[in-house]
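Visitor: I am new to this structure and would like a close look at a single part of it. Please take one helix, and then follow what lies around it.

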Amino acid sequence: MSKMYYAENPDAVHDVQQLRVKLLSQDFTFWTDSGVFAKKMIDFGSQVLLNNLDFRAGEKVLDVGCGYGPLGIALAKVQGVLPTMVDVNLRALDLARKNADLNGVKASIFQSDGYDQVTDCFDHIISNPPIRAGKQVVHRIIIESIDHLNPNGTFTIVIQKKQGAPSAKAKMEDVFGNVTTLRKEKGYYILQSIKDESC
């Protein structure tokens, strides 16, 4: 069985391509490749997530499972956030670094299995999690997020109803004591929790 996009070293044959897309009403160009998530287009879930985020310039944002970087790069360029982007997939991270340069964005981009290598605290954490990696992985991204948020920081996730949105919502309520559904669109849920204690 070939290694999936959530593997450290995907073994799919390289097929490097360029995407030209509009995100948050701005034009972007991204390098993509086989072995990374959504290589042919920016997936609908990521687009819905982006369209429901309203951050302030200078805020620190962590993108967990960044893939080739569209979320963090778009938020940095349009909203002026300071992005940190992590993924377990080395091929995706190499693309994310190239894409940050290509789009004129400065970002901290490094390998981390979830939060294993993350030492800072952030104003916001976002994720379009690797659903195919399993519920345990998705819930770990939720559970451990609270340890890396500043007071009043937000954790925001996109997940389809049929792929576990109800259980993710319940887990966020359990971890944070609150959860809000910011948006429902074509089966995708944008869920957000707010941390009310110190990092």
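Guide: Start with what covers the buried residues of helix 4: the cover includes strand 3, strand 6 (122-127), strand 7 and helix 5. This is a predicted model, and the values below are computed from it. The buried residues of helix 4 are Val138, His139, Ile141, Ile142 and Ser145. They cover an arc of only 150° around the axis, which puts them on the same side of helix 4.

Helix 4 also holds a charged pair. Arg140 and Glu144 both lie in this helix, four residues apart, which is about one turn of the helix. Their side chains meet in a salt bridge, with 3.1 Å from N to O. Side chains of opposite charge can pair when their charged atoms come close. Neither residue is on the list of buried ones: Arg140 is partly exposed, with a relative accessible area of 25%, and Glu144 is partly exposed at 26%. Both values fall between the limits, because buried means under 20% and exposed means over 50%.

The next part is helix 5, one of the elements that cover the buried residues of helix 4. Helix 5 runs over residues 165-176, twelve residues in total. From its first C-alpha to its last it reaches 16 Å, close to the 16 Å expected at 1.5 Å a residue. Its buried residues are Ala165, Ala168, Met172 and Phe176. They cover an arc of only 60° around the axis, and therefore lie on the same side of helix 5. The cover over these residues includes helix 4 (135-145), strand 7 (149-160) and strand 9 (188-194). Helix 4 is thus listed among the cover of helix 5, just as helix 5 is listed among the cover of helix 4. Strand 7 appears in both lists.

Just after helix 5 comes Gly177, which takes a positive phi of about 80°. Gly177 can also be placed against a residue elsewhere in the chain. The C-alpha atoms of Asn51 and Gly177 are separated by 25 Å, and the two residues are 126 residues apart along the chain. Asn51 lies in the loop between helix 1 and strand 3 (60-64). With a relative accessible area of 55%, Asn51 is exposed. Helix 1 itself spans residues 44-50 and contains Ser46. Ser46 is buried, at a relative accessible area of 5%. Leaving out residues up to four places away in sequence, Ser46 touches Leu71 and Asn128.

Further along the chain from Gly177 is strand 8 (residues 180-185), where Thr180 lies. Thr180 is partly exposed, with a relative accessible area of 42%. Not counting residues up to four places away in sequence, Thr180 touches Ile190, Leu191 and Gln192. Thr180 and Lys39 are 141 residues apart along the chain, and their C-alpha atoms are separated by 30 Å.

Now back to the charged pairs. The count of salt bridges comes to eight, and the pair in helix 4 is one of them. In another, the side chains of Arg183 and Glu185 meet at 3.1 Å, N to O. Arg183 is partly exposed at 38% relative accessibility, and Glu185 is partly exposed at 25%. Salt bridges that share partners also join Asp113, Asp116, Arg140 and Glu144 into one network, and this takes in the helix 4 pair described above. A further salt bridge brings together the side chains of Arg56 and Glu59, at 3.2 Å from N to O. Here the two partners fall into separate classes: Arg56 counts as exposed at 60% relative accessibility, whereas Glu59 is buried, with a relative accessible area of 12%.

One nonpolar feature of the surface completes the tour. Val16, Trp31 and Leu102 make a nonpolar surface patch of about 260 Å². Of these, Trp31 lies in strand 2 (residues 26-32) and is partly exposed, with a relative accessible area of 31%.

Technical notes. Residues are numbered from 1 along each chain as its sequence is written. This is a predicted model: local features need pLDDT of at least 70, side-chain atom pairs count only at pLDDT 80 or more; totals for chains, interfaces and linings use all residues. Side-chain values use heavy atoms; hydrogens and water are left out. Helices (H or I, at least four residues) and strands (E, at least two) are DSSP runs, numbered from the N terminus. The expected span of a helix is 1.5 Å times one less than its number of residues. Buried means under 20% relative accessible area, exposed over 50%, partly exposed in between (1.4 Å probe, protein chains only). The arc is that of the directions from the helix axis to the C-beta atoms. Contact means heavy atoms within 4.5 Å. Patches are made of residues with over 30% relative accessible area and no salt bridge: like charges are joined within 9 Å, nonpolar side chains (Val, Leu, Ile, Met, Phe, Trp, Tyr) within 5 Å. Accessible areas come from the Shrake-Rupley method with a 1.4 Å probe; for residues, only the protein chains shown count as cover. A salt bridge is a side-chain nitrogen of Lys or Arg within 4 Å of a carboxyl oxygen of Asp or Glu.
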